[in-house]
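Grab a coffee and work through a few exercises on the fold below. Try each task yourself before you read its solution.

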Amino acid sequence: MNHPAILASVRKPLPASLLHALQALLEDRCSIALAVREHHGRDESSYDPMPPEAVVFVQSTEEVAEVLRLCHAHDVPVIPYGAGSSLEGHILALHGGVTIDLSHMNSMIAVHAEDLTATVQAGVTRKQLNTEIRDTGLFFPIDPGADASLGGMAATRASGTNAVRYGTMRENVMALTVVTADGRIIRTGSRAKKSSAGYDLTRVFVGSEGTLGIITEVTVKLYPLPEAISAAVCSFPDNADAVNTVIQTIQMGVPIARVEFLDANGVRAINAHDKLNLPVKPLLLFEFHGTEHGVKEQAELVQEIAAANGAGDFEWATRPEDRSRLWAARHNAYFALLQMRPGSRSISTDCCVPISRLAECISETQIDCENHGVTYSIIGHVGDGNFHVLMLVDPDSAEEIAVAESINQRMVTRAIAMDGTCTGEHGVGIHKMGFLIEEHGANAIHMMRLLKHAFDPRNILNPGKIIAWDEAEE
């Protein structure tokens with residue numbers, strides 16, 4: 001659909017000499033078929049497809065390096081592609097160019113169970129990693145919902161439902177192998193638990209969304225599987241009661257593993273989509289990890305806090321299949337909401353605020369949505385102050401799109417005024433670019449732009465994302 005956040009772009013045809021070189025290097029793993037290009041020119045965002053001129057399927061870091069050397073020599077844009085699950089237009093080929101599909105780079109390189117680390121190729125997905133290590137008694141906790149690739153998760157600084165206990169990709173990536181714009185291969189970090197050696201390039205690339213280099217290998221932290229796991233759901237009279245329960249739980253230091261919020265609209269949607277019978281009220285979904293005694297103690301304390309905030313009875317889900325069904329329903333909320341208005345598209349956005357301001361920010365956003373008559377749902381990883389707003393619009397209605405974008409604008413401005421951020425986990429991509437100056441200030445954006453120019457002087461790495469290119473700073 002036509003989208004006001006799209007910036008003007010210039011698409012150049014792919015030089016024949018580059019195409020011939022890529023075909024010679026990769027043979028049938030270089031495709032210019034329209035169906036393949038269109039598949040790689042769309043993600044889970046609300047934008048219309050913007051396909052590249054070619055797609056290459058790489059199998060090694062060395063192949064990525066050779067592709068980048070060729071594209072760099074021809075000044076052709078390069079867009080990395082993992083699982084295609086991004087929400088802010090990260091993988092769209094604004095300027096054409098070549099998409100590098102890393103999904104075939106899905107090998108486990110090493111598992112060091114004694115050190116609680118694993119090194120994988122960038123195309124390994126979170127589910128694949130956990131399947132591969134299930135016999136070690138360890139697991140990788142970062143869970144953004146989609147079965148995203150580890151390289152994509154590092155590039156977007158992903159988090160998800162477990163972040164309140166285990167942190168985000170920022171805290172869980174120890175080392176990277178990265179290919180630079182001109183095809184050099186570098187290694188950042190190590191498996192050591194700490195280091196004071198030089199600039200922290202790992203943190204520079206984590207969250208850079210493919211604009212500074214292409215991640216090909218990732219070393220991550222692993223965690224022991226908890227002895228006991230218990231989940232519970234409880235409903236509340238209104239959103240504020242639910243969110244205040246979370247705030248009080250966090251402030252008391254209860255080490256909950258997960259706590260997810262769904263407003264009444266979200267509950268109604270997942271009831272219909274997943275054949276559940278949850279009360280159509282604001283809902284919290286908890287998960288507790290630890291020893292049998294510790295889990296019981298945590299759950300009892302949270303139950304007391306919830307009851308003081310007007311919660312209905314806890315419904316427990318101690319069997320793995322019951323827990324899986326509840327979490328599957330939560331992860332399906334996006335698709336469930338789409339079914340509430342057939343033919344619509346979702347403008348999905350997020351922000352994150354200090355936990356003490358969360359109830360206020362959600363309440364004001366809910367009022368804004370109600371006042372403008374949009375079909376919406378507010379859901380979130382509220383244990384870390386992060387929430388998402390999904391607004392359904394007619395993709396052919398410029399008016400509805402403009403209303404949804406105005407709500408998003410006010411939500412982000414509100415969050416930043418509360419000392420929060422324009423995005424807790426979606427990343428910037430195209431959609432959030434306009435908010436960065438408001439959040440960071442012009443001087444900080446100037447420094448980011450200098451970093452981009454230093455790492456990618458020809459602006460070939462995922463151009464048009466995060467920050468606008470400034471010719472004056474070349």
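For the first exercise, count two residues as in contact when heavy atoms lie within 4.5 Å. Keep in mind that this is a predicted model.

**Exercise 1. Find the surroundings of Thr 188: which residues does Thr 188 touch, leaving out those up to four places away in sequence?**

Solution. Start with the location: Thr 188 sits in strand β9, residues 185–189. Next, check its exposure. The cut-off for buried is under 20% relative accessible area, and Thr 188 has 2% relative accessibility, so it counts as buried. Now list the neighbours: Met 174, Ala 175, Leu 176, Leu 201, Thr 202 and Phe 205. With Thr 202 there is also a polar contact, 2.7 Å between the two side chains.

**Exercise 2. Work out which strands stand at the edges of the open sheet of 4 strands, and what packs on it.**

Solution. Write down the strand order, β1-β2-β4-β3, and note that the pairing is mixed. β1 (30–31) and β3 (78–81) each have a single partner strand, so one side of each lacks a neighbour in the sheet; those are your edges. Helix α3 (residues 61–74) packs on this sheet, where it touches β2, β3 and β4 (98–101). The direction of α3 makes about 175° with that of β4. Back at the β1 edge, β1 pairs with β2 (residues 54–57) in the antiparallel sense, over 2 bridges. One pair to look up there is Cys 30 with its bridge partner Val 56 in β2.

**Exercise 3. Decide how the buried residues of helix α1 are arranged around its axis, and say what they pack against.**

Solution. Pick out the buried residues of α1 (residues 16–26): Leu 18, Leu 19, Leu 22 and Leu 26. Looking down the axis, you'll see them fall within an arc of 100°, so they line one face of the helix. That leucine set packs against β1, β2, α3 and β4. Flip to the face turned away from the buried side and you meet the exposed His 20 and Ala 24. Just past the end of α1, Glu 27 has a positive phi of about 55°.

**Exercise 4. How many disulfides does the structure hold, and is Cys 361 buried or exposed?**

Solution. The count is 0 disulfides. Take Cys 361 as a test case: the nearest cysteine sulfur belongs to Cys 351 and is 4.4 Å away, whereas a disulfide needs the sulfur atoms within 2.5 Å. As for exposure, Cys 361 has 0% relative accessibility and counts as buried. Cys 234 is buried too, with a relative accessible area of 1%.

How values were computed:
Residues are numbered from 1 along each chain as its sequence is written. This is a predicted model: local features need pLDDT of at least 70, side-chain atom pairs count only at pLDDT 80 or more; totals for chains, interfaces and linings use all residues. Side-chain values use heavy atoms; hydrogens and water are left out. Two strands pair if DSSP finds at least two bridges between them. Axes are lines fitted to C-alpha atoms, for helices over the stretch in contact, and angles run from 0 to 180 degrees between N-to-C directions. Buried means under 20% relative accessible area, exposed over 50%, partly exposed in between (1.4 Å probe, protein chains only). The arc is that of the directions from the helix axis to the C-beta atoms. A polar contact is a pair of N or O atoms within 3.5 Å; within protein, one must be able to donate a hydrogen and the other to accept it, and residues adjacent in sequence count only if both atoms are side-chain atoms.
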